[in-house]
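Hi everyone, thanks for coming. Today I'd like to walk you through one protein chain, slowly, and please keep the picture open while I talk.

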Amino acid sequence: MLNVDDALRKLGDLTSPVLDTEVIPLTESKGRVVASAIDAPMDLPPFDASAMDGYALHANDLNQDRELDVVGESRAGYVYQDPLAPGTAIRIFTGAPIPRGTAAVVIQEDVERNGDQIRFRASLEIGENIRSRGHDIAKTQLLAKGGDRLDAYKISWLAACGVTNVTAVRRIRVALFSTGDELIDPGTPLGPGQIYDANRTALRELVSERPVEVLDLGALPDDPQAINRTLETAAEAADVVVTSGGVSVGDADYVKDAVARIGSLDFWKIALKPGKPLAVGRVGKALFFGLPGNPVSTIITYLLFVAPTIDRLCGMPDTTPYRLSAILQGTIEHHQGRREYVRGIFGMNDDRVTVSPTGDQSSNRLATFANANCLIVVPEQTGDIKPGSIVDIVLLPTDRSHIWTG
Ligand code: AMP
Ligand code: MG
């Protein structure tokens with residue numbers, strides 16, 4: 001059996017980044033991967049500005065307890081034209097350009113104002129409460145590098161620098177289909193022995209969180225002709241073809257045969273639970289993944305193998321998911337040999353991170369993902385784990401905002 005890390009390394013060797021790029025509006029760039037370095041086209045902020053509401057002071061007046069005449073006002077969005085003379089102050093607001101000759105801004109909380117005069121007892125340093133031009137980023141410095149994935153934070157920074165278009169790696173084309181005579185799509189009443197196709201939905205939803213174009217080719221019966229035909233379509237159109245079902249030992253080998261016929265196929269037995277069998281290959285220019293059919297196995301093998309492959313195709317650097325330590329609440333029964341990913345719920349308990357498994361971990365049981373926010377990583381050589389033991393967890397990609405709901 002191949003261990004998970006070796007499987008990932010082998011996959012890495014099979015994958016090279018897609019080089020096609022396209023120019024897209026910044027407003028449509030969320031989740032997309034930057035193709036090459038973006039340098040700041042301007043200084044941000046573009047001028048020296050006040051960081052606070054207060055009064056602009058001359059260098060001679062930074063450290064004194066005498067009255068200064070307030071001779072004008074500088075508001076955000078306007079430029080105060082006259083230079084600041086010693087012995088005078090200018091009322092200024094956050095974000096307003098500082099008048100020429102300003103050495104510091106005294107905050108209004110430290111000022112006593114009487115009519116057109118102020119007095120303050122603070123002692124200020126040169127530059128205090130001034131945001132200098134370019135202190136966020138200077139023109140020509142790196143705003144984003146090739147391989148960066150754009151999120152709300154980066155996009156807002158680019159927008160602040162006036163960037164309107166970015167050159168992004170084109171979307172990765174992912175073709176999906178599931179196989180199994182028992183499968184039908186939700187919306188049709190179940191016939192005898194039938195079940196609804198859960199995997200294609202899971203894959204469609206998971207894959208859509210990445211910069212992809214999804215080609216959903218449906219649920220296919222275990223019929224060699226249908227599988228051959230659909231695989232050919234997928235190979236033509238996609239960078240990655242992901243199927244579920246029909247790769248377990250004992251399955252009629254229609255998927256595997258079809259892949260081997262038009263491309264090349266490797267069949268990996270991975271020391272992994274859930275999700276031991278994984279078919280990996282090539283059809284046309286596309287990489288092929290045949291994921292096991294049990295829904296939990298499909299999801300875990302997607303997360304472990306397909307998701308990082310898509311990231312690599314986008315040119316993103318390889319990363320390892322954060323591992324955190326948590327105190328196990330409950331017991332994990334584990335036979336040595338395979339690495340296991342147990343669905344868990346982690347949280348804070350008396351200021352310590354704890355984690356509980358989500359019940360019966362059968363690989364068909366999507367209930368194990370209900371409320372799960374992490375996977376507990378059980379190493380290959382570990383036996384049963386007792387309550388109170390320290391375990392490693394990796395966070396599940398999720399839009400459940402646990403942080404903000406307390
Ligand atoms: P297989 O890998 O085709 O042998 O399937 C293993 C198990 O997963 C069987 O119980 C299948 O019915 C089930 N299964 C396969 N594909 C799906 C699917 N798309 N949605 C839900 N269950 C599935
Ligand atoms: Mg099947």
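We'll go from the overall form to the core, and then visit some single residues.

Before anything else, please remember that this is a predicted model.

Let's start with the whole chain. How many helices and strands does the protein chain have? The secondary structure comes to 7 helices and 26 strands. Now, about its overall spread: the radius of gyration is 30 Å, while the globule rule gives 22 Å for 406 residues, so the chain is more spread out than a compact globule. You can see that in the box filled by the C-alpha atoms too, which is roughly 90 × 50 × 40 Å along the principal axes.

What about inside and outside? Of the 406 residues, 45% count as buried. The chain exposes about 20,400 Å², and carbon and sulfur atoms supply 49% of that area. On the charge side, there are 40 positive and 53 negative side chains, with the centres of the two sets 3 Å apart.

One last number for the whole chain. If we take contacts between residues at least 6 apart in sequence, 71% of them join residues at least 24 apart.

Now for the core. Here's a handy bit of background: in soluble globular proteins, nonpolar side chains tend to be buried together. In our model, the largest nonpolar core has 45 residues. Those touching the most other members are Ile172, Val174, Val242, Phe289, Tyr302, Phe305 and Ile310. Several elements give two or more residues to this core, among them helix 1 (4-14), strand 13 (172-179), strand 17 (240-244) and strand 21 (286-291). And which helix gives the most to this core? That would be helix 6, with 11 residues.

Let's zoom in, beginning with strand 17, where we find Ser244. Is Ser244 buried or exposed? Its relative accessible area is 2%, and the cut-off for buried is under 20%, so Ser244 is buried. Leaving aside neighbours within four places in sequence, Ser244 is in contact with Phe177, Ser178, Thr179, Asn199, Leu291, Pro292 and Thr298.

Next, strand 25, which is the place of Leu375. Leu375 is buried as well, with a relative accessible area of 7%. Try finding Val342 in your picture: Leu375 and Val342 are 33 residues apart in sequence, yet their C-alpha atoms are 5.3 Å apart in space. Beyond four places in sequence, the contacts of Leu375 include Ile300, Tyr341, Val342, Arg343 and Asp392.

For a change of scene, look at Leu366, in the loop between strand 24 and strand 25. With a relative accessible area of 38%, Leu366 is partly exposed. Leu366 and Ala198 are 168 residues apart along the chain, and their C-alpha atoms are separated by 9.1 Å. Not counting residues up to four places away in sequence, Leu366 touches Ala198, Pro295, Val296 and Ile299.

Now swing over to Leu142, in strand 11 (residues 142-144). Leu142 counts as partly exposed, at 44% relative accessibility. Its contacts, leaving aside neighbours within four places in sequence, are Ala37, Ile38, Asp39, Ile137 and Trp157. Leu142 and Asp223 are 81 residues apart along the chain, and their C-alpha atoms are separated by 53 Å.

Let's finish with some backbone details. As background, most residues other than glycine have a negative phi, and most peptide bonds are trans. So where are the cis peptide bonds to look at? A cis bond joins Leu44 and Pro45, with omega about -10 degrees. Pro45 is found in the loop between strand 2 (38-39) and strand 3 (49-50). The peptide bond from Lys273 to Pro274 is cis too, with omega near -5 degrees. Pro274 is in the loop between strand 19 (272-273) and strand 20.

And then there is phi. Asp351 has a positive phi, near 65 degrees, and is not a glycine. You'll find Asp351 in the loop between strand 23 (339-349) and strand 24 (352-357), and at 72% relative accessibility it counts as exposed. Asn371 also has a positive phi, of about 65 degrees, although it is not a glycine. Asn371 is in the loop between strand 24 and strand 25, and with a relative accessible area of 54%, Asn371 is exposed.

That's my tour. Thanks for listening!

Technical notes
Residues are numbered from 1 along each chain as its sequence is written. Chains are lettered from A and ligands numbered from 1 in the order in which they are written. This is a predicted model: local features need pLDDT of at least 70, side-chain atom pairs count only at pLDDT 80 or more; totals for chains, interfaces and linings use all residues. Side-chain values use heavy atoms; hydrogens and water are left out. Helices (H or I, at least four residues) and strands (E, at least two) are DSSP runs, numbered from the N terminus. The radius of gyration is taken over C-alpha atoms; the globule rule is 2.2 Å times the number of residues to the power 0.38. Buried means under 20% relative accessible area, exposed over 50%, partly exposed in between (1.4 Å probe, protein chains only). Contact means heavy atoms within 4.5 Å. Accessible areas come from the Shrake-Rupley method with a 1.4 Å probe; for residues, only the protein chains shown count as cover. Lys and Arg count as positive and Asp and Glu as negative; His and the chain ends are not counted. The place of a charge is taken as NZ of Lys, CZ of Arg, CG of Asp or CD of Glu. A nonpolar core is a set of buried Ala, Val, Leu, Ile, Met, Phe, Trp, Tyr and Cys residues joined through side-chain atoms within 4.5 Å.
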